[in-house]
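User: Please take a close look at the surroundings of the ligand in this model, and then place them within the chain that forms them.

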Amino acid sequence: MQFPPWTEEHAQLRDTVKQYAINELAPHRFDWDKAGEYPAREVFKQLADLGCLGIRFDPEYGGLGLDWWSTVAFIEGLSHCRNAGLMMSILVDTDMATPIISEIGTDEQKREFLAPTITGEKIAALGVTEPGAGSDVANIRTTAKRDGDDYVINGQKTYITNGAIADYITLAVRTGGEGHGGISLVLFPTDTPGFSVGRKLDKLGTRSVDSCEIHFDNCRIPRRNLLGHENAGFLYIMQNFQGERLVAGIMAYTGMEIAVADAIKYGQERQAFGRPLASFQVWKHKFAEHLAAIEAAKALTFQAVQKIESGQDPTKLVSMVKLHCGDLAQRVTYDCLQIHGGYGFIEEYDIARQYRDVRLLTIGGGASEVMKEIIWKWHSLGG
Amino acid sequence: MKIGVCVKVAPDTDTRIKISGDGAGIEESGIKWIVSPYDSFGIEEAVQTQEAQGGEVILFSAGPKDWQTQLRAGGLAVGAERAVIVDDPALAGTDPLGIARVLAAGIASEGCELVFTGKQAIDDDNVQVPAMVAELLGWPHVSFVTDFSTDGSTFTATRNVGGGTQEVVTGSLPVVITAERGLNTPRYAKLPAIMKAKRKKVDVKSLGDLDLSADDITPAVQLTNFSLPPERPAGRKLEGDVDTMVQELVRLLREEAKVI
Ligand SMILES: Cc1cc2nc3c(=O)[nH]c(=O)nc-3n(C[C@H](O)[C@H](O)[C@H](O)COP(=O)(O)OP(=O)(O)OC[C@H]3O[C@@H](n4cnc5c(N)ncnc54)[C@H](O)[C@@H]3O)c2cc1C
């Protein structure tokens with residue numbers, strides 16, 4: 001059996017997205033990163049036109065109904081935009097805020113929210129983290145109180161990617177008592193009165209997209225916007241995290257592949273002591289080690305993809321992917337910057353930005369320590 | 001209107017070419033194959049013409065049937081309707097005239113009225129096949145076209161003739177048009193179109209299917225030996241203030257490079 005099970009169409013999908021990313025997105029990476037924003041409406045429209053915004057979603061709502069390997073191909077292609085902030089913004093929309101709608105949403109919810117996301121008319125965000133609750137999701141305090149046919153929402157969220165540009169947020173709120181048994185997910189339109197975007201956060205990396213504080217002041221949304229069952233939200237969030245973390249792993253290995261290829265090329269061109277830097281054994285060995293480690297990270301990621309594809313619970317493997325790829329990216333990117341010397345420290349080569357961007361990989365979407373907790377829990381349960 | 005496009009599959013532009021062990025060809029393993037980029041301009045123009053005038057875009061290739069992978073990705077996924085590949089052992093040693101005979105026979109058998117090709121393929125750079133195809137079909141041919149339009153019976157084609165001068169050629173169909181960069185911007189294959197292209201028809205034909213035989217494509221030209229161009233010497237960096245550097249540059253251009 002061929003592994004991964006790429007078909008010709010997967011390869012073509014990756015190639016066409018790669019061409020698009022190289023021609024239309026990559027040329028703007030320095031400018032968008034500096035500006036702290038990018039023309040999101042335009043980019044989402046282009047991506048929708050290419051057919052990229054509903055890869056695994058039901059054709060009934062405009063999706064393509066393809067498999068997870070197609071998502072892998074899409075992200076591999078997209079990574080050639082060389083801009084992790086931009087990728088995060090796109091992938092929050094396609095793979096973090098929306099899969100749960102596709103999985104448990106009602107027909108009405110899918111028509112109102114999912115379908116226009118696939119056509120690029122609506123941009124989605126995921127709102128879980130709060131100033132007082134990040135890793136400890138069960139502790140969120142934003143409330144949604146029933147009032148007739150509505151929920152009335154109060155509270156705040158932070159670090160919300162796409163927060164300032166989103167048309168709606170897949171939002172975690174407290175509908176019941178303390179702890180994980182009192183959380184629900186709702187679909188929150190951002191034109192709801194009482195909603196406001198607060199500070200746009202000044203970030204170390206992924207600067208092309210906003211991540212911001214958002215506030216809810218007596219925001220009224222219809223109860224039909226509840227996703228799934230009331231107070232079952234914690235489970236949905238954990239379910240949704242699996243795809244989100246897997247996507248982070250794919251982003252990590254594709255990013256490393258690009259950074260290492262760049263670094264080797266630089267090392268072959270840059271002369272010191274009368275010879276190319278890359279001809280010193282210390283660098284040859286270092287990159288040989290990284291190439292091997294990236295290949296292993298990729299194999300682990302593919303194993304998790306296969307697990308998700310086969311419908312089995314991927315939690316343990318996905319947590320390993322997130323932990324392993326996120327941590328590895330730190331070491332790999334460190335060396336890729338190191339071989340650039342002073343040039344690596346200047347925002348002229350991609351590596352300075354990549355170095356800043358990868359730092360998020362061990363924090364966002366679940367910190368490495370949290371991944372270890374999950375892996376250990378599953379391991380000790382014999383899972 | 002049936003619109004034909006002649007398509008060659010060639011090594012990707014950033015391939016590092018290696019000569020094969022016997023020196024009579026290139027090492028083919030590990031090469032990424034793509035639709036020759038000028039042919040992509042031809043495909044795009046054909047699809048735009050079809051979108052405006054109706055009809056059908058048919059791709060023609062003389063080469064191994066494995067080319068269908070690239071024809072699907074670079075042609076059928078961007079709007080061409082079907083493809084004809086002529087795959088025959090006799091094609092291996094033939095020359096541009098042999099290829100042109102095969103393509104012309106394919107085009108004639110489908111009854112096309114308009115044919116696009118790239119101005120040249122990026123591997124051999126022979127720039128011969130399109131004119132030969134036109135000649136064999138008895139059609140006129142306009143090369144290096146940067147702008148094209150047709151109303152279905154007549155056409156207008158613009159070509160650059162150097163020094164910034166443009167030539168505008170008008171005439172009536174049928175015609176063979178060869179595409180120069182700038183004719184259009186080829187579209188990206190959309191994901192749904194890639195999936196649809198999987199089911200589009202690719203006919204693999206033999207010489208016999210086109211009433212040709214190996215004798216018809218006996219090469220007049222044979223390629224016997226390949227060698228790589230000499231390695232480029234390392235660049236030289238001029239030092240000093242601007243005046244010194246400019247003087248030195250002019251001296252080098254005159255005395256060493258002998259270009260001024
Ligand atoms: C750029 C960016 C974009 C983001 N986008 C989004 C978004 O779109 N939507 C969203 O909901 N959230 C988003 N987040 C939030 C992100 O998911 C959280 O930052 C993350 O889950 C960690 O939560 P925290 O920041 O509150 O850290 P804390 O929970 O305070 O944890 C701080 C540190 O403590 C350690 N730690 C935590 N738990 C344990 C433990 N059990 N054992 C040992 N050590 C532990 C870890 O090292 C962790 O890094 C984003 C964050 C950033 C920085």
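Analyst: The account below begins with the ligand shell and then turns to the strands, the domains, the whole chain and the second chain.

This is a predicted model, in which local features need pLDDT of at least 70 and side-chain atom pairs count only at pLDDT 80 or more, while totals for chains, interfaces and linings use all residues. Residues are numbered from 1 along each chain as its sequence is written, and chains are lettered from A and ligands numbered from 1 in the order in which they are written.

The ligand is surrounded by 23 residues, of which Val128(A), Thr129(A), Gly134(A), Ser135(A) and Glu369(A) are the closest; a residue counts as near when its C-beta atom, placed from the backbone, lies within 6 Å of the molecule. Two or more residues of this shell come from each of β1 (124-127), β3 (150-161) and α12 (368-380) of chain A, where helices (H or I, at least four residues) and strands (E, at least two) are DSSP runs numbered from the N terminus. By class the shell has 9 nonpolar, 10 polar and 4 charged residues, with Ala, Val, Leu, Ile, Met, Phe, Trp, Tyr, Cys and Pro counted as nonpolar, Asp, Glu, Lys and Arg as charged, and the others, Gly among them, as polar.

One of the elements that contribute to the shell, β3(A), also pairs with two strands, pairing being defined by at least two DSSP bridges. With β2 (residues 143-147) of chain A the sense is antiparallel over 5 bridges, and Lys145(A) has Val152(A) in β3(A) as its bridge partner. The hairpin of β2(A) and β3(A) has 2 residues between the strands, and Gly148(A) takes a positive phi near 60° there. With β7 (residues 211-222) of chain A, β3(A) shares 9 bridges, again antiparallel, and Ile153(A) stands opposite Cys219(A) in β7(A).

Chain A is assigned domain 1 (8-123), domain 2 (125-232) and domain 3 (234-380), with bounds that come from an automatic or database domain assignment. Because domain 2 and domain 3 of chain A both give residues to the shell, the ligand lies between them.

Domain 3 of chain A also meets domain 1, with 18 residues of domain 1 in contact with 16 residues of domain 3, contact meaning C-beta atoms, placed from the backbone, within 7 Å. On the domain 1 side, α4 (68-78), α5 (84-96) and α6 (99-104) of chain A each supply at least two residues, and the largest share, 6 residues, comes from α5(A). That side has 11 nonpolar, 2 polar and 5 charged residues. The centres of these two domains, taken over C-alpha atoms, are separated by 21 Å.

Chain A as a whole has 12 helices and 10 strands. Its radius of gyration, taken over C-alpha atoms, is 21 Å, close to the 21 Å given for 383 residues by the globule rule (2.2 Å times the number of residues to the power 0.38), so chain A is as compact as a globular protein of that length. Among contacts in chain A between residues at least 6 apart in sequence, 74% join residues at least 24 apart.

Chain B touches chain A through 11 residues, which are in contact with 12 residues of chain A. On the chain B side, α2 (68-74) and α5 (191-197) of chain B give two or more residues, and α5(B) gives the largest share, 4 residues.

Conventions: Two residues are in contact if their C-beta atoms, placed from the backbone, lie within 7 Å.
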